[in-house]
Amino acid sequence: GTSGTGKAAQDGATAAAAEDLSAQEKEVNWANWTLYLDYDEKTGSYPSLEAFTKATGITANYSEDIDGNDTYFGKVQAQLAAGQDIGQDIITLTDWMAARLIRLGYTQELDHANIPNAANLLQNLQDVDFDPGRAHSLTWQSGFAGIAWNKEAVPGGLRRVSDLWKPELKGRVEVLDEMRDTMGLLMLEDGVDIAGSWGAAEFDKSLEVLTRQIADGQIRQVKGNSYKEDLISGDALAVICWSGDITQLNFEEGGKWEFAIPESGCTLWSDNLMVPVGSPHKANAEALMNYYYDPVNAATVAAYVNYISPVQGAREAMEKIDPSLVDNPLIFPSDEDLQRAHVFRTLSADEETDFSGRFQQAIGN
Amino acid sequence: MNVLAAPAKPAGGPGAAEKAGGKTLQRRRGRTGYLLILPGFIFMLLFFVLPVFSLLATSLYTKPPGADIGQFAPALEFGNYAVVLGSYWPELLRSFAFALVATAAALLIGYPMAYLVAVRLRGRKLLQGILLVLIIAPFFTSFILRTQAWKQILADEGPVVPVLRALSLLPADGRLTATAFAVVCGLTYNFLPFMTLPIYANLERLDTRLIEAGSDLYASGFTTFRTVTLPLSMPGVIAGTLLTFIPASGDYVNAALLGNNRDTTMIGQVIDSRFFRVVDYPGAAALSFILMLAILVLVTAYVRRFGTKELI
Amino acid sequence: MRKTIGRWLVPVFGGLAFIFLLVPIGYVFAFSFNDAGRTNLSWRGFTLENWLNPCGAPAVCEALGNSLQIGAAATVMATILGTAIAIGLVRYRFRFNATANMLIFLPLATPEVVLGASLLAQFLNIGAELGMGTIIIAHTMFCISFVVVTVKARVASLDPKLEEAAADLYASPLQAFWRVTFPLLLPGIVAAALLAFAMSFDDFIITNFNSGNVDTFPKFIYVAATRGIPAQANVIGSAMFLIALAIVIGGQVLSHRRSKLLAAR
Amino acid sequence: MVQDQLTTPPGEAAATGSTGGADLSLVSVTKRFTDFTAVDGLDLTIPAGSFFALLGPSGCGKTTTLRMVAGLEQPTSGKITIGGRDITGTSAHERPVNTVFQNYALFPHMSVLDNVAFGLKRRRVRGAEEQAKAALELVELGHLAARRPGQLSGGQQQRVALARAVVNRPAVLLLDEPLGALDMKLRRQMQVELKKIQTEVGLTFVHVTHDQEEAMTMADTVAVMNGGKVEQMGAPRDLYELPRTAFVANFLGKSNLIAGTVAEDRGDAVVVDAGGHRLAVRKDRAAVHQGPVLVGIRPEKLTMLWPADAPAPEANLLHGRVLDTSFTGVSTEYLVQVPGVGTLGVFCQNHGQQPARPGDDVVLAWDTGHAFGLGGDQDSTAGAAGEDGP
Amino acid sequence: MVQDQLTTPPGEAAATGSTGGADLSLVSVTKRFTDFTAVDGLDLTIPAGSFFALLGPSGCGKTTTLRMVAGLEQPTSGKITIGGRDITGTSAHERPVNTVFQNYALFPHMSVLDNVAFGLKRRRVRGAEEQAKAALELVELGHLAARRPGQLSGGQQQRVALARAVVNRPAVLLLDEPLGALDMKLRRQMQVELKKIQTEVGLTFVHVTHDQEEAMTMADTVAVMNGGKVEQMGAPRDLYELPRTAFVANFLGKSNLIAGTVAEDRGDAVVVDAGGHRLAVRKDRAAVHQGPVLVGIRPEKLTMLWPADAPAPEANLLHGRVLDTSFTGVSTEYLVQVPGVGTLGVFCQNHGQQPARPGDDVVLAWDTGHAFGLGGDQDSTAGAAGEDGP
Ligand SMILES: Nc1ncnc2c1ncn2[C@@H]1O[C@H](COP(=O)(O)OP(=O)(O)OP(=O)(O)O)[C@@H](O)[C@H]1O
Ligand SMILES: Nc1ncnc2c1ncn2[C@@H]1O[C@H](COP(=O)(O)OP(=O)(O)OP(=O)(O)O)[C@@H](O)[C@H]1O
Ligand SMILES: NCCCCNCCCN
Ligand SMILES: [Mg+2]
Ligand SMILES: [Mg+2]
């Protein structure tokens with residue numbers, strides 16, 4: 001049975017990583033979220049990646065395969081557990097999921113000698129509890145989960161999470177299937193300190209709100225990053241979403257939406273680059289990480305994606321690239337904003353199973 | 001094209017049919033028979049029977065205390081069944097309800113299609129051929145692309161909803177997508193060929209002289225249909241309804257793309273998310289098994305009731 | 001009056017059903033000409049660009065290539081294995097006949113999620129590397145039943161006297177098979193193969209469980225649906241539809257012509 | 001819709017066997033398919049209660065005619081009436097007509113009883129089941145009521161088809177070669193039963209068959225069709241004894257047709273010269289009395305004599321030589337070559353006489369009253385065996 | 001494997017028509033299906049070059065016998081030899097035997113020519129196409145060589161089936177009711193062609209048929225089978241004139257069988273008392289000479305006389321009353337009720353005599369030499385019409 005997966009997982013930690021063929025195969029495959037890298041609509045290409053290839057001779061295959069942490073994990077878990085190559089050399093997942101992967105031994109250890117620029121990692125991100133010394137991961141971007149709306153349809157705008165439940169938005173609201181963001185915002189609205197020591201009671205109280213809004217048909221769908229499609233098609237008018245996405249959407253689809261941090265606060269998260277266990281191109285992956293930890297490149301990405309760059313010196317570099325963005329609160333948040341942003345506390349494995357099970361059930365999975 | 005033709009018994013013509021049916025259709029015994037079926041059955045054994053048994057085993061695993069995500073231990077935890085059934089019986093029932101409605105709708109749509117092509121256009125080979133291809137060709141456009149197209153066509157800002165609203169066929173804030181209606185439509189649409197083809201294969205061999213005999217015996221067009229055509233095409237209808245109902249009740253793509261998270265969740269979605277999101281293999285396996293058993297029970301009852309051993 | 005309604009009811013209703021069947025395909029076709037951006041959701045203007053450059057979104061063509069390969073391999077395997085089973089079951093007697101028939105029916109009665117999930121469990125158990133191989137096996141497995149059902153009908157309607165006639169005319173059993181049985185079953189086998197290919201080409205659920213990191217066309221689209229399906233996918237979807245249509249109609253027209261010619265002689 | 005008489009309880013009718021049929025008449029009925037005229041200005045009147053047989057080669061339009069009467073096909077022009085009522089425009093299920101189809105067309109999904117009760121139930125006749133049972137008894141199949149048609153033998157199926165039609169007491173019962181598929185033994189047996197039922201029930205029967213013997217033994221009136229038209233119609237014996245065309249002469253039994261020219265008029269008879277032989281034909285049995293003519297004589301009407309036994313040279317005497325003989329049990333068929341005339345067929349019932357052998361010289365004689373004369377402009381092989389063959 | 005003679009170029013053979021067949025013999029052949037003995041210790045020798053007809057009611061084992069000869073069925077016990085060579089164990093494709101199947105079994109996916117050439121090609125005969133063409137010419141279908149069987153009429157298909165078998169010059173050609181599905185006209189025509197081909201080609205033909213007339217006109221030897229056994233075998237005329245069992249008497253044509261008891265021995269004849277009537281039967285035509293006996297007399301052997309014309313009371317004279325008459329064209333059949341004896345059938349060729357009518361009193365007479373005597377312990381209706389009916 002599927003216990004094989006479990007067994008392999010345990011062995012995986014000790015299993016030798018795949019042989020590195022980087023020297024022969026000058027390529028690197030990178031799975032990322034949508035709206036997470038600078039994109040040139042005219043050529044349909046990613047400029048910074050092309051520059052990377054030019055600089056290193058390594059071809060980068062970029063795929064926007066990740067719609068949500070859970071869905072992506074589900075998709076690759078079996079192969080990772082078996083120590084197989086999942087066809088990706090870098091995957092980009094959020095802290096808590098990165099923690100799970102590293103814990104389960106699904107990642108390869110990074111050779112920091114190959115990533116001298118890793119030294120540029122912001123101080124407060126250098127020593128995270130799930131990956132002491134960043135042996136397995138490097139932050140890609142950080143960001144907030146907040147609320148956004150269609151400016152035409154909701155001229156008054158939204159200020160609080162509970163504004164999403166306005167009758168005129170019935171059936172046109174979407175929330176994220178990312179439990180920590182959706183539940184985080186709802187719990188913050190309910191006055192819970194999500195970084196602190198809350199328990200099942202608090203979780204359940206907010207889950208009930210979610211359940212009710214879904215049951216009432218206020219919430220149309222619960223989605224991953226694909227909420228973007230529904231914003232464009234008009235099926236969704238207001239959403240719980242990720243901060244940088246809206247700026248990019250406005251850029252690509254013509255300024256229709258606005259993002260805000262709700263009054264009760266927002267979640268703060270980071271996504272991490274990792275090399276999965278079966279990858280045969282670890283050195284190439286490291287070269288890519290090194291490239292994006294160059295402050296100039298980091299600033300180039302940040303200028304497009306509008307997420308918080310984890311790279312020391314990106315702000316300085318931004319001055320040269322686009323001075324107007326130096327004060328963009330999404331890229332370089334003010335202390336005040338950071339004050340209102342909270343990191344969802346780490347869950348034990350049992351809590352994880354319990355909460356995520358109930359969350360999935362609430363959102364009808 | 002004899003797609004999914006459920007073999008119909010010859011209508012029992014005189015003499016000739018009896019002769020053909022008698023000793024000539026005798027079956028042989030022998031090694032060749034085994035040589036013919038063995039490779040296929042070994043394949044099915046390896047990749048269908050064994051997997052189903054490993055799924056059964058998985059459904060009884062437990063999560064040992066302190067085990068991490070995705071780690072389970074072999075056991076005989078029948079409680080898994082109680083747990084998932086307790087939580088997900090509504091989705092199970094809903095799946096069957098949706099599949100039932102979709103099957104009925106597909107029958108209502110597919111039967112006239114099949115009848116048109118098989119009976120009304122009998123003899124017009126070319127036109128028949130073209131329409132038959134049109135029935136299967138959608139498979140080549142990709143199921144998801146078509147469903148996505150429906151999603152766009154029926155979207156709130158798409159071409160249909162505003163018209164329906166203007167005609168007051170839909171309330172001002174009414175919508176078509178993200179509703180149970182949309183999911184059922186998607187199911188109906190996507191499994192329509194599975195309904196149409198077996199009915200076509202059956203009607204194609206319908207002896208139209210029986211229809212004439214019906215009208216000769218004072219039955220009006222509709223009565224002839226009800227008393228002669230329909231009962232005679234039952235094997236096709238049964239094959240079609242089974243081939244529609246079964247995959248429809250286990251489907252999750254339509255619900256995922258066209259549904260919401262409230263009243264459209266189908267059991268397939270749950271199984272998928274138990275497997276892939278929650279990483280609860282025993283639960284997912286147990287649910288799979290419950291679904292399979294439920295379908296087997298329903299199908300057996302149905303086939304018993306309406307009698308046809310053609311498919312089984 | 002009532003008679004006229006009766007006469008027209010079926011064609012009108014049947015015609016509407018065909019339209020229902022074809023509307024989304026028309027939509028897919030139309031949007032293959034959209035001058036789309038990263039998403040292909042709203043009409044932005046007509047262009048031939050997508051058709052001229054169908055591999056403009058490279059992953060699409062790669063996925064299509066995989067799908068075609070998988071379809072071909074699974075079709076060949078399922079057709080061979082399934083045809084053999086069909087002939088065996090109709091023409092020979094076995095002690096476990098009922099069991100054999102049940103074994104063919106069961107996969108049809110099993111929802112795709114269950115098939116996909118159980119097969120995945122099996123593959124993981126034996127440590128098989130997910131990829132083209134596992135997809136082909138999975139597709140072969142679910143196609144076999146359809147092939148058996150389709151070909152069985154044909155075998156059953158085949159007059160066994162013809163094979164006896166062949167034996168009577170000095171054909172060894174093998175010759176009788178290749179010269180008589182097989183050509184007569186061929187239309188049924190072709191129909192079965194076509195169906196198998198169509199189902200393989202269109203499968204998503206089972207594939208999604210067992211494909212690992214290999215993208216098939218439906219899988220590509222399912223994933224792409226979350227971020228924007230490129231217009232090239234519409235091109236390929238439309239093209240496949242048109243090609244399938246052209247091949248089968250072409251075949252029909254040819255055989256129609258031939259039979260007319262023959263009849264005329 | 002359905003005629004009044006159809007609603008009289010058939011149970012009683014069956015008991016008394018007296019409902020009788022209704023006159024069926026076709027008035028210049030024509031049926032044209034796209035490029036083919038299948039029935040060509042057909043006029044036909046079939047008196048109520050008669051057993052009418054329609055005979056003719058394959059493709060001559062028999063089935064098409066029946067289908068128009070049943071309402072399964074609409075005539076291109078012309079009128080069909082039953083009992084004086086015009087039914088041309090009505091549809092099949094509204095006509096007081098039932099058909100016994102060639103292949104029976106029994107509903108395979110219904111029991112025998114349900115098959116028979118089908119028509120009654122459609123007309124919501126009360127006691128349908130009982131009547132159906134009675135009808136099944138009539139055809140002696142009461143004990144098989146619960147079976148499916150597939151479980152019956154061909155002959156039994158045929159009787160079910162008959163019961164299914166008869167039970168409705170239609171004004172007209174159409175039988176489209178219902179015996180075509182049976183072997184000869186069964187066929188003869190069915191003929192007897194069919195005739196018995198018709199006599200008992202007294203309906204108007206229109207029976208299509210390929211089998212002349214069947215037509216002649218069963219029917220009151222026979223019509224021979226050819227190319228969409230009726231060639232000749234009348235009592236079977238009349239048609240057989242005095243055919244009016246070469247087609248009828250050949251199609252109904254065998255005929256020896258000898259081409260010649262009228263040489264002499266003897267008042268009540270003409271004498272025909274055929275290859276130097278003089279053959280007399282009674283004027284009332286001759287279609288033409290001068291010019292070219294075909295003299296017809298049936299093989300069984302010829303007497304074969306040894307030359308020694310032959311009467312003095314006179315008309316109606318031909319010398320020839322036996323070419324071939326074939327023993328068929330009841331009789332022996334001889335082919336006799338007559339110089340100047342051709343080959344003639346002769347039937348001799350096997351009474352124990354010394355059979356002639358190939359090569360023997362013989363004399364053929366016949367009674368003038370048995371010869372018939374036909375217009376000499378016809379193809380003497382029209383309608384003969386093989387004419388409509390492969 | 002295949003006999004030597006099969007490889008002699010059939011082209012030549014066809015030209016000379018002289019290859020001839022080979023003796024076929026079955027030695028106590030038995031075929032038992034699970035619970036049924038279809039053929040029961042059958043002994044049969046069919047001389048080379050003869051036309052042998054196998055007759056019998058449905059289910060009597062004719063097809064099974066043929067299938068065993070063809071190798072499509074294995075006998076449970078017994079031996080089959082062709083030209084002296086034991087072929088019992090060989091499989092169908094190795095036997096110098098070909099079959100013309102009842103439904104022809106033409107390969108629908110091949111042209112007519114390919115059908116005919118099939119057997120030759122399997123045996124890698126050179127010039128297969130040419131020989132096939134020649135065989136098609138023989139059956140006069142050369143012009144249709146390119147057609148598919150589906151595009152031929154029934155009669156044409158039958159001829160293709162024949163050509164396909166004949167072209168192989170098999171030692172034995174089996175014909176399993178190949179004419180069963182044809183209408184009578186076509187059937188007679190095919191019979192002639194079949195006989196012609198057999199005469200020309202000179203193979204051994206074994207022909208299964210339900211049609212006695214067919215068997216009698218075509219075959220050199222007829223065997224009547226019943227219940228898996230041969231009841232009687234001989235020249236057609238011998239079987240007809242002197243059947244040995246009630247079954248044969250009834251099955252081959254019609255017979256009047258009158259039950260009685262031998263009352264007197266006259267030396268060369270016995271006199272039978274039947275219901276008070278005295279009937280004489282020649283001893284050489286009687287199977288038993290004492291005790292209960294069945295006196296048989298064919299309907300055509302009876303002479304029907306007006307009582308006034310009857311000779312003085314004597315043996316072989318029965319007084320009766322006409323019950324029913326039926327005109328069949330060539331002859332009229334009378335059913336005559338004879339008190340103390342039953343109903344007798346009488347055929348009278350229609351020679352122009354004054355026909356008797358139902359109710360008329362008549363006298364039936366016959367020649368003693370035409371009567372035959374059978375053991376009286378048999379069922380007098382065995383093998384009669386209806387016996388194997390529905
Ligand atoms: N639907 C049709 N379209 C064109 N021609 C037709 C059609 N139906 C019948 N015919 C032609 O009309 C002619 C008469 O056909 P019909 O079936 O009445 O013949 P039939 O006398 O019943 O012959 P048979 O004895 O073979 O049954 C035939 O030549 C047939 O080919
Ligand atoms: N495979 C079989 N299993 C059991 N019984 C069989 C089988 N084949 C034939 N029989 C029986 O054997 C008997 C002889 O069959 P056969 O086909 O030889 O008859 P037949 O003389 O050819 O009859 P017909 O004239 O109807 O063709 C029949 O009673 C038949 O039911
Ligand atoms: N468009 C890029 C969005 C990245 C979102 N990352 C997931 C964060 C979950 N807390
Ligand atoms: Mg007809
Ligand atoms: Mg037989």
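Which residues of chain B does UniProt give as "domain: ABC transmembrane type-1"? I looked this up before anything else. The UniProt entry, which is unreviewed, places that feature at residues 92–302 of chain B. I noted that the model is predicted. Its scores are ipTM 0.80 and pTM 0.82.

**Entry: the domain in chain B**

I checked what the annotated stretch looks like. Residues 92–302 of chain B are 75% helix and 0% strand. The C-alpha atoms at the two ends of this stretch are 18 Å apart.

Then I took chain B as a whole. I found 13 helices and zero strands. Reading from the N terminus, I wrote down α for each element in the run.

How much of chain B is buried? Of its 312 residues, 62% count as buried. Chain B exposes about 11400 Å². Carbon and sulfur atoms supply 69% of that area.

I also looked at how far apart in sequence the contacting residues are. I took the contacts in chain B with a separation of 6 or more. Residues 24 or more positions apart account for 69% of them.

**Entry: transmembrane regions**

The unreviewed UniProt entry also lists "transmembrane region" features in chain B. Among them are residues 126–145 and 283–303. I compared the model with these two.

Residues 126–145 of chain B are 70% helix and 0% strand. Their end C-alpha atoms lie 29 Å apart. Residues 283–303 of chain B are 100% helix and 0% strand. Here the end C-alpha atoms lie 30 Å apart.

**Entry: one glutamine**

I picked B:Q148, which lies in helix α5 (residues 143–153) of chain B. Is B:Q148 buried or exposed? Its relative accessibility is 9%, so B:Q148 counts as buried. The cut-off for buried is under 20%.

I set aside neighbours within four places in sequence and listed the contacts of B:Q148. They are B:L257, C:A225 and C:I229. Two of these names belong to chain C, so I went on to the pairs of chains.

**Entry: which chains touch**

Eight pairs of chains are in contact. Which two chains share the most contacts? The answer is chains B and C.

I looked for pairs that do not touch as well. Chain A and chain D do not, and their nearest C-alpha atoms are 46 Å apart. Chain A and chain E have no contact either. Their closest C-alpha atoms lie 48 Å apart.

**Entry: a bent helix in chain C**

I turned to helix α8 (residues 173–202) of chain C. A straight helix of 30 residues would span 44 Å. The end C-alpha atoms of α8 in chain C span only 38 Å. Where does α8(C) bend? I found a bend of about 50° at C:L186. A proline, C:P187, follows within four residues.

**Entry: confidence in chain D**

The mean pLDDT of chain D is 84. Of its residues, 90% reach 70 or more. Among the elements of chain D, helix α1 (residues 10–16) has the lowest mean pLDDT, 33. Strand β14 (residues 292–297) has the highest, 94. Over residues 1–19 of chain D the pLDDT is below 50. Beyond near neighbours in sequence, that stretch has 36 contacts in the model.

**Entry: an arginine in chain D**

Last, I looked up D:R67, found in helix α2 (residues 62–70) of chain D. Leaving aside neighbours within four places, D:R67 is in contact with B:E212, D:L72 and D:E73. D:R67 and D:R32 are 35 residues apart in sequence. Their C-alpha atoms are 13 Å apart in space.

Methods
Residues numbered from 1 in each chain as written. Chains lettered and ligands numbered in written order. Predicted model: local features only at pLDDT ≥ 70, side-chain atom pairs only at ≥ 80, totals over all residues. Heavy atoms only, no water. Expected span 1.5 Å × (residues − 1). Bend = angle between axes of the 7 residues up to and from the residue. UniProt positions renumbered as here; feature names shortened; annotations may be inferred. Buried < 20%, exposed > 50% of the residue type's maximum accessible area, 1.4 Å probe, protein only. Contact = heavy atoms within 4.5 Å. Areas by Shrake-Rupley, 256 points an atom, 1.4 Å probe, with all protein chains shown as cover. pLDDT = per-residue confidence, 0-100.
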